[in-house]
Amino acid sequence: MKQIIEIYPKPPSPCNCMNIRRASRAVTQFYDDMLKPSGLTTAQLGVLRHIEVVEQITISELATMIRIDRTTLNRNMKPLVDGGLISIKQGKDLRTKQVMLTDTGKAAVAKAWERWGEAQVLLREYLGREDLGKLTQLLSKLEALVP
C-alpha cells in the first residue's frame, strides 16, 4: 500500500465517466493481481460466486443477475467450462440451459474467495471505513441510473 500512497492522487479527468472507468480498471487490476495465485480473474470469480449462491441457474437468469448480455456471459463462461469449473446441461425445455458448479469449480471458488477477502481488507484499509461506505453508497446510486 505504501507505493499506492506515494503516487496518489492522479489528476482527475474533467469527464465523470472517464474517472469512473479509470477507477474501475484500477480496482479490477488490483483484485486480479490479488486473485492471480488462485488462477481466476475477478470477472470469473464473480460468475462462479453467483452460480455458487443459487446452485443452479439458467444462462438467461444468470446474465440478468450479473447485469451483462447473454453473448458476453457465454464468452466469459467458455474458459470456465473448458477448465471444468462449471457444467452446462439442458434445461427443462430445449430453449434453456442450466449452469452449475462442478466440484473443481467449488474448490477454485474457495481458494479465490480467500484471496478476495484479503483484497477486501487491503482496500478497506486504503480507503478507510467511512470513505468506503460513501463509495459503496455512490456506486449503488450510479448503478441505479440503468434499472
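## Salt bridges

A salt bridge here is a side-chain nitrogen of Lys or Arg within 4 Å of a carboxyl oxygen of Asp or Glu. By that rule, Arg-115 and Glu-118 are joined through their side chains, with N and O 3.2 Å apart. The model you are looking at is predicted, so local features need pLDDT of at least 70 and side-chain atom pairs count only at pLDDT 80 or more, while totals for chains, interfaces and linings use all residues. Residues are numbered from 1 along each chain as its sequence is written, and side-chain values use heavy atoms, with hydrogens and water left out.

Searching the whole structure turns up six salt bridges. One of them ties Glu-143 to Arg-67, with the closest N and O atoms 3.5 Å apart. This pair connects distant parts of the chain, 76 residues apart: Glu-143 belongs to helix α7 (residues 129-143), and Arg-67 sits in the loop between α4 (59-66) and α5 (70-82). Helices in this report are DSSP runs of H or I with at least four residues, strands are runs of E with at least two, and both are numbered from the N terminus.

## Pairs within one helix

Let's go back to Arg-115 and Glu-118. Both are in helix α6 (residues 103-127), and because they are three residues apart there, about one helical turn separates them. Lys-134 and Glu-130 form another salt bridge, at 3.4 Å from N to O. These two residues share helix α7 and are four residues apart, again about one turn of the helix.

Side chains of opposite charge can pair when their charged atoms come close.

## How open are the paired residues?

For accessibility, buried means under 20% relative accessible area, exposed means over 50%, and partly exposed lies in between (1.4 Å probe, protein chains only). Arg-115 is partly exposed at 23%, and its partner Glu-118 is partly exposed at 32%. In the pair from helix α7, Lys-134 is partly exposed at 42%, whereas Glu-130 is exposed at 59%. For the long-range pair, Glu-143 has a relative accessibility of 43% and Arg-67 a relative accessible area of 43%, and both count as partly exposed.

## A positive patch

Which residues form a positive surface patch? They are Lys-10, Arg-21, Arg-22 and Arg-25. Patches are made of residues with over 30% relative accessible area and no salt bridge; like charges are joined within 9 Å, and nonpolar side chains (Val, Leu, Ile, Met, Phe, Trp, Tyr) within 5 Å. Arg-25 belongs to helix α2 (residues 16-35) and is partly exposed, at 45% relative accessible area.

Lys and Arg count as positive and Asp and Glu as negative, with His and the chain ends not counted. Each charge is placed at NZ of Lys, CZ of Arg, CG of Asp or CD of Glu. Over the protein chain, the 22 positive and 16 negative charges have mean positions 5 Å apart.

## The chain as a whole

The protein chain contains seven helices and three strands, arranged along the sequence as α-α-α-β-α-α-β-β-α-α. Its C-alpha trace spans about 55 × 35 × 25 Å along the principal axes.

Of its 147 residues, 23% count as buried. The exposed area of the chain is about 10,400 Å², with carbon and sulfur atoms supplying 58% of it. Accessible areas come from the Shrake-Rupley method with a 1.4 Å probe, and for residues only the protein chains shown count as cover. Contact means heavy atoms within 4.5 Å. Among contacts between residues at least 6 apart in sequence, 49% join residues at least 24 apart.

## Three residues to find in the viewer

Asp-103 lies in helix α6 and is exposed, with a relative accessible area of 64%. From Asp-103 to Met-65 the C-alpha distance is 23 Å, and the two are 38 residues apart in sequence. Thr-104 is also found in helix α6 and is partly exposed at 46%. Leaving out residues up to four places away in sequence, Thr-104 touches Gly-83, Gly-84 and Leu-85. Thr-104 and Arg-129 are 35 Å apart, C-alpha to C-alpha, with a sequence separation of 25 residues.

Is Gln-44, in helix α3 (residues 42-54), buried or exposed? Gln-44 counts as buried, at 18% relative accessibility. Apart from neighbours within four places in sequence, Gln-44 is in contact with Gly-39, Pro-79 and Leu-80.
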